Amino acid sequence: MTPEQIVIVVVAIVVLLAGLAVGLWVSRRKGTPPMPPATPTPPATPVAAAKEEEAKPAPVTPGQGAKAPPAAEVSDAAEVSEAEAAAAATSAAEPGAGAPSAAEADEAEPSVAPPAAAIETPEAATSRLQRLRARLAGSKSALGKALLAVLSRDQLTQDDWDEFEESLLLADVGAGAAEDILTNVRQTLRVKGGEADPAEALRQELLAAVNTAATRDIAWQGQDGQPGIILVVGVNGSGKTTTIGRLARLEVAEGRTVLLGAADTFRAAAAEQLTTWGERVGVKTVRGPEGSDPAAVAFEAVEQGLKQAVDTVIIDTAGRLHNKANLMDELGKIKRVASRQAPITETLLVLDATTGQNGLTQARVFTEAVDVTGIVLTKLDGTAKGGIVIAVQRELGVPVKLVGLGEGPDDLAPFDPAAFVDGLLGR
Ligand code: GDP
């Protein structure tokens, strides 16, 4: 080989090697993976989050992934509590107890579920008393203001006392009670002279007129484990159905069991309304066909109440305004038939506080037809004439036991005379 030929071969080998080196470098550059982003992108929706959660390994809890030991075996093992064993057994028995599938994750997208017909929890008696006391004080203080304004004057003339009496009459206190209150306050101020506290003298007289001594307990339960049987009477529109619904709620709030009897068979709507009230707090209603014998429904309600051993059976009655003889017949029969199995423990008369003297006249018909043991004065929130409480008790000789102070389902409270008088006086 000539020296020229040797140089050509060496140059060719060098060029070949350089070409190979360049080819290798280029192919390595092409195979490099891209750099990961610095921070992960947050998932856009809860579903995406759920799917992302799915990708992570699920934490191992009893029954999820790991095979749960049989409960009997677990209960023997010292380290595992019975509750844990039960949880393990339950979750093991449930299909799909492990990590959610993609389909499940899709279903987890927030959506507005239709409202379930849940049983309501009525307000407790103590808290409603506090709430309604404030309402009473707020709405009835006009009378107190008017009376105290007169008493604060220096020298009380006959005109002043006339004004005092008129304020009482305007508040539906009734003529007899108004005269008594005036006479006694006047007497106290005269006897005590400058020593007297007119506001306190008035308060004492109002308390006496409301009769703080009267018992206002309600016979919710009967004797010897029998249910209490409460008959509810009153004219249509007085708030009878509402009151029975609220009574049921009051009882449920206090932990007693109740059954309702829709013995107002003349109004289909009344039975319907009563049933709805009951259903809201899980209380059942005994009903009869429209126009059927009310006494038969009352009998059935008491029978069922005894069978189911409830604490109280509350019976609605028809409130048609007809003559006294008819009313006596109708209520008398209901009472007779219902009490064949268990005595009536309470007869409540529902009275609309806004109807004033007219309402009292109607109420008297009921008290003559049936032995009323207590008054429920409804719509006391709808009148500034709180004096009706005094007139009702005085004229009918029956204590006000409960008062309705609003349109809410729990706006019924036991009547508290001292709180009522303080409400009248705006204290
Ligand atoms: P019923 O015909 O005697 O059964 O009377 P309802 O129970 O149907 O009541 C008649 C109306 O009086 C309804 O609109 C009730 O909401 C209303 N009502 C009942 N009690 C009260 C109350 O204490 N205050 C107010 N403001 N309204 C009441």
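Author: Helices here are DSSP runs (H or I, at least four residues), numbered from the N terminus, as are strands (E, at least two). The model is predicted, so local features need pLDDT of at least 70 and side-chain atom pairs 80 or more, while totals for chains, interfaces and linings use all residues. Residues are numbered from 1 along each chain as its sequence is written.

Reader: Fine. What makes helix 10 largely enclosed?

Author: Buried means 20 or more other C-beta atoms within 10 Å of a residue's own, exposed 12 or fewer, partly exposed in between, with C-beta atoms placed from the backbone. In helix 10, 13 of the 14 residues are buried, so the rest of the structure largely encloses it.

Reader: And which part does helix 10 play in the shell around the ligand?

Author: Helix 10 gives the largest share, 3 residues. Being near takes a C-beta atom, placed from the backbone, within 6 Å. Of 18 residues around the ligand, those coming nearest include Lys240, Thr241 and Thr242.

Reader: How do you know the length of helix 8 agrees with expectation?

Author: The expected span is 1.5 Å times one less than the number of residues. For the 18 residues of helix 8 (175-192) that makes 26 Å, and the end C-alpha atoms are 26 Å apart, so it agrees.

Reader: Which residues of helix 8 are buried, and why put them on the same side?

Author: Ala177, Ala178, Ile181 and Val185 are buried. They cover an arc (directions from the helix axis to the C-beta atoms) of only 105°, which puts them on the same side of helix 8. The face turned away carries exposed Ala175, Gln187, Arg190 and Val191.
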